[in-house]
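I am opening a fresh notebook page to record what I looked up, one entry at a time. My plan is to begin with strands and then move on to rings, the core and a few single residues.

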Amino acid sequence: QVQLVESGGRLVQAGESLRLSCAASGRTFRIYRMGWFRQRPGKEREFVAAIPWSGASTYYADSLKGRFTISKDNAKNTVYLQMNSLNPEDTARYYCAVRSTDRPSEYGYWGQGTQVTVSS
């Protein structure tokens, strides 16, 4: 089992930046890839960004490239999401998820999410 706890979400003004954190615990040796997803009001959950636990490649939703940056600190078992130039369309609950080495094709572990609200 891998447990995930997100933090950093809050109310911000349009144009501001925010960094989210996701701390992993438990069987972290099984982490293959970590990702960020979000669910905006009235919409389905969508992919935001991902990063492999080993290696430096990063993956982003096309619409968010250039504004969002995913990074990690393996020593702290933590992944981050730096979000710049936020706008009200970024208002969502942001979730951290893990693909494990025994189930590498799906995100099998999820956190509870952290709320980001962007006011205009």
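**Entry 1: strands S4, S5 and S6**

I looked up how S4 and S5 are joined, and found that the two strands run antiparallel with 6 bridges between them. I note here that the model is a predicted one. As an example of a single bridge, I followed Trp36 across and found that its partner in S5 is Ala49. S4 and S5 also form a hairpin with 6 residues between them, and in the turn I noted Gly42, which has a positive phi of about 75°.

I then turned to the pairing of S5 with S6, which is also antiparallel and is made by 2 bridges. Here Ala50 stands opposite Tyr59 in S6. S5 and S6 form a hairpin as well, with 6 residues between them, and Gly55 in its turn has a positive phi of about 110°.

Is S5 mostly covered or mostly open? I found that S5 is mostly covered, since 5 of its 7 residues are buried.

**Entry 2: two loop residues**

I looked up Ala56, which lies in the loop between strand S5 (46–52) and strand S6 (59–60). Ala56 counts as exposed because its relative accessible area is 69%, and the cut-off for that word is over 50%. I also noted its separation from Ala23: the two residues are 33 apart in sequence, and their C-alpha atoms are 18 Å apart in space.

Arg40 has its place in the loop between S4 and S5. Is Arg40 buried or exposed? Its relative accessibility is 17%, so Arg40 counts as buried, given that the cut-off is under 20%. Leaving aside residues up to four places away in sequence, I found that Arg40 touches Glu46, Glu89, Thr91 and Ala92.

**Entry 3: aromatic rings**

How many aromatic pairs does a search of the whole structure find? The search finds 4 of them. One is formed by Phe37 and Phe47, an edge-to-face pair with 5.7 Å from centre to centre and 75° between the planes. This pair links distant parts of the chain, with Phe37 in strand S4 (residues 31–39) and Phe47 in strand S5, 10 residues apart. I compared how covered the two are: Phe37 counts as buried because its relative accessibility is 10%, whereas Phe47 is partly exposed, with a relative accessible area of 30%.

Phe37 also forms an edge-to-face pair with Tyr107, at 5.0 Å from centre to centre and with 80° between the planes. This pair too links distant parts of the chain, since Tyr107 lies in the loop between strand S9 (92–100) and strand S10 (109–110), and Phe37 in S4 is 70 residues away from Tyr107. Both Phe37 and Tyr107 are buried. Putting the rings together, I found that ring pairs link Phe37, Phe47, Tyr107 and Trp110 into a cluster.

I also looked for charged groups over rings, and noted that Arg45 lies over the face of Trp110, at 3.8 Å from the ring centre. Arg103 lies over the face of Tyr109, at 5.8 Å from the ring centre.

**Entry 4: the nonpolar core**

I keep in mind that nonpolar side chains tend to be buried together in soluble globular proteins. The largest nonpolar core here has 30 residues, and those with the most contacts inside it are Leu4, Met34, Trp36, Leu81, Met83 and Tyr94. Several strands give two or more residues to this core, among them strand S1 (2–7), strand S3 (18–26), S4 and S5.

I looked more closely at Leu4 and its contacts, not counting residues up to four places away in sequence. The residues that Leu4 touches include Cys22, Met34, Cys96, Tyr109 and Trp110.

**Entry 5: the open sheet**

Which strands form the open sheet, and in what order? There are 4 strands, in the order S1-S3-S8-S7, and the pairing is antiparallel. S1 and S7 are the edge strands, each pairing on one side only. The twist from one strand to the next averages 20°.

Within this sheet I followed S1 and S3, which pair in the antiparallel sense over 6 bridges. For one of the bridges, I noted that Val5 has Ala23 in S3 as its partner.

Key:
Residues are numbered from 1 along each chain as its sequence is written. Side-chain values use heavy atoms; hydrogens and water are left out. Buried means under 20% relative accessible area, exposed over 50%, partly exposed in between (1.4 Å probe, protein chains only). Rings of Phe, Tyr and Trp (its six-membered ring) pair if their centres lie within 6.5 Å; planes under 30 degrees apart count as stacked, over 60 as edge-to-face and the rest as tilted. A charge sits over a ring if NZ of Lys or CZ of Arg is within 6 Å of the ring centre and within 35 degrees of the ring normal. Two strands pair if DSSP finds at least two bridges between them. A nonpolar core is a set of buried Ala, Val, Leu, Ile, Met, Phe, Trp, Tyr and Cys residues joined through side-chain atoms within 4.5 Å. Contact means heavy atoms within 4.5 Å. Axes are lines fitted to C-alpha atoms, for helices over the stretch in contact, and angles run from 0 to 180 degrees between N-to-C directions.
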